[in-house]
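I opened this notebook to record, entry by entry, what I looked up in the structure and what came back.

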Amino acid sequence: MAERLRFLPAGIDAFLVELEDLATTLTLLDGLLAARPPGVIDLVPAARTLMFRFDPLLADYENLIDVISGIDLSVQSSRQGETFEIPVTYDGEDLGDVAEIQGWTVEDLIRRHTEATYTVAFTGFAPGFAYMTCDNPAFDVPRRKSPRVRIPAGSVALAGKFGGIYPADSPGGWQLLGRTPLKIWDTRRPRAALLGPGDRVRFREMAKGDVVSVPAGPQKTAKAFGPSAGLLVTRADRPALFQDLGRPGRADQGVSESGAVDRTSLIEANLCVGNRREAAATEITFGGFALKADRPVTLAVTGAPAPLAIHTADGRTLPAPLGRPFALDAGDELTLGFPPKGVRSYLALRGGFIVATVLGSAATDTLAKVGPEPITTGAMLVPANEPAAAVDPLRPVPKKMPKPGDTIMLDVVLGPRTDWFTKKGVATLLSQDWQVTAESSRVGMRLLGAEPLERRDATELPSEGAALGSIQVPHSGQPVLFLADHPLTGGYPVIAVVERHHLDLAGQIPIGASIRFNAIAAFDPLVRKIDR
């Protein structure tokens, strides 16, 4: 018997392995988990693919292909789990549309959905999001042509041959049938995800007035600040966030890396004040932020050049430098205005902040709702007073930031699904400007072009892993560029991936600027047929 493995590039440090079916994919995953190759950071299973993210300094692409090709896929894995009953109120926005697609009445759709048994195949997209297969093959529903910006937590949905329940408010393109009151992801539980691989699920229609709860277990807090003395936030037009270099290697829990959108600027802020390069700092979007010190402190601000001013306790107003350490005395207030360029500024405190970590990181993942709570007006940021090196007033000159109206060139590696687009579609990606729209966030940037990208293959793509910097294209043909809080998996084809050296720049492109993509590597898939 011959197994066909297809290797698809997803940037220079990630690739997809495409297999025949879900069962073979899970068998490959289990084989790799039993003997994980050195240098592999994350493994992201999906319907027919397994995404590898690796450290190019520790692992070689060709060597990894050889390791994968040597794994025996002839004996498939089998998984067993618990059985859960999920109560549902069937009032989803797409209930009528799904019934029409299937040729059923709404009542018939609900009956079939509650009679079916679903089995969790893998988790992805967001923490606790379980991709479930169904024992009724009639359930095969296309995704929405354009994803929604926000789907409420607890939404019960269908896409392709999979069922799922959104664990938190998030964007998404699945068809909504209803909602459940159960918490699907809760870090207060011993197992934060309600559903895990191998678990079975039966849906039950809730009667009017039903009240359902799930014990959460012992409380585990992730408060970033408290009522003690420190730096008082006197203004936060938009919530600021604690960020560090993220939490790599957590894909098995459905958790993406997250961390600072502009990692270089975060590192520079820390080095300015003598902190460890990976220490937590505050990420401030579009300025509009101020804090008052109750003691002498040393700070640095990098990234987007927000106008900085120090309002002293004796009534003076002094400028503060960008990208250089500076001091506040007790009673001084620092203000950050709206930056004329860039998007995100990073504020570091010498000695660091007291911040609780979740899964080994102080990063706030806005999609997954993992990490410290957002920083709002009235919050008290408490100094950690950790040992620090000497301040460095001679750091490199801060890099130039893009401004509205600019056109920014970003290097990309074509793939993994470039072949899902026509030659004209690929040419359009690389030849026209793409405007950054207001529907952009830490999750991703929605782009708008004069001409949408033309697809060769209009069929539904089974969900698969997506790397940081992926350019995903929904049915509308208008791409979305994934940033730090992107979902681990997605169901729209990725035409290209922004190269690592331009990811920080991408995260600083403001609304109203445009992007031009430049391909630095051709689409070069590799196919191997392996006899078993």
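Before the first entry I fix one term: a strand here is a DSSP run of E with at least two residues, and the numbering of strands starts at the N terminus. With that settled, I note that the model is predicted.

**Entry on Ser514.** I looked up Ser514 and found it in strand 33. I then asked whether Ser514 is buried or exposed. The relative accessibility of Ser514 is 15%, and since buried means under 20%, Ser514 counts as buried. Leaving aside residues up to four places away in sequence, I listed what Ser514 touches: Asp406, Thr407, Ile408, Asp433, Trp434 and Gln435.

**Entry on the barrel.** I followed the strands of the barrel and recorded that seven of them close in the order 25-32-29-30-27-26-33, with mixed pairing. Direction ignored, neighbouring strands of this sheet are turned by 40° against each other on average. I checked one pairing in detail: strand 25 (residues 407-414) and strand 32 (residues 494-498) are antiparallel and share three bridges, and Val413 stands opposite Val497 in strand 32. I also looked at helix 6 (residues 423-431), which lies across strand 25, strand 26 (434-440), strand 32 and strand 33 (514-521), and which runs at about 120° to strand 33.

**Entry on the largest nonpolar core.** I looked up this core, which has 36 residues, and noted that the members touching the most other members are Phe15, Val17, Leu28, Phe52, Ile68, Tyr166 and Trp174. Several elements each supply at least two residues of the core, among them strand 1 (2-9), strand 2 (14-18), helix 2 (61-69) and strand 9 (155-159). I asked which element gives the largest share of this core. That share, five residues, comes from helix 1. Apart from this core I found another, of 29 residues, which includes Ala293, Leu299, Ala306 and Phe353. Going back to Phe52, and not counting residues up to four places away in sequence, I recorded contacts with Asp13, Ala14, Phe15, Val17, Leu32, Val40, Asp42, Leu43 and Ile68.

**Entry on helix 3.** In helix 3 (residues 95-102) I noted Leu95, Val98, Ala99 and Gln102 as the buried residues. Viewed down the axis of helix 3, these buried residues fall within an arc of 100°, so they line one face of the helix. I set a general point beside this: an α-helix has 3.6 residues a turn, so residues three or four places apart point the same way. The elements that cover the buried residues of helix 3 include helix 4 (106-115), strand 9 and strand 12 (175-179). Just after helix 3, I found Gly103 with a positive phi of about 75°.

**Entry on strand 16 and its partners.** I looked up strand 16 (residues 281-285) and found it mostly covered, with four of its five residues buried. Strand 15 (residues 241-243) runs antiparallel to strand 16 and is joined to it by three bridges, and the bridge partner of Gln243 in strand 16 is Ala281. Strand 16 is also joined to strand 23 (residues 344-349), again antiparallel, by four bridges, and there the bridge partner of Thr282 is Leu347.

**Entry on the open sheet.** I traced an open sheet of six strands in the order 20-19-22-17-14-24, with antiparallel pairing. Its edge strands are strand 20 (317-319) and strand 24 (380-381), each of which pairs on one side only. Two bridges join strand 14 (residues 231-236) to strand 24, and the bridge partner of Leu231 in strand 24 is Leu381.

**Entry on aromatic pairs.** I searched the whole structure and found 15 aromatic pairs. Phe7 and Phe15 form a tilted pair, at 6.3 Å centre to centre and with 50° between the planes, and both Phe7 and Phe15 are buried. How are the rings of Phe286 and Phe338 arranged? Their centres are 5.5 Å apart and their planes are at 5°, so the pair is stacked. This pair links distant parts of the chain, 52 residues apart, with Phe286 in the loop between strand 16 and strand 17 (289-293) and Phe338 in the loop between strand 22 (333-336) and strand 23. Phe286 is buried, with a relative accessible area of 18%, whereas Phe338 is exposed, at 55%. Lastly I noted a cluster in which ring pairs link Phe122, Phe129, Tyr131, Phe162, Tyr166 and Trp174.

Key
Residues numbered from 1 in each chain as written. Predicted model: local features only at pLDDT ≥ 70, side-chain atom pairs only at ≥ 80, totals over all residues. Heavy atoms only, no water. Core = buried A, V, L, I, M, F, W, Y, C linked by side-chain atoms within 4.5 Å. Buried < 20%, exposed > 50% of the residue type's maximum accessible area, 1.4 Å probe, protein only. Contact = heavy atoms within 4.5 Å. Pairing = 2+ DSSP bridges. Arc of directions from axis to C-beta. Axes fitted to C-alpha atoms, helices over the stretch in contact; angles between N-to-C directions. Phe/Tyr/Trp six-rings, centres within 6.5 Å; stacked < 30°, edge-to-face > 60°.
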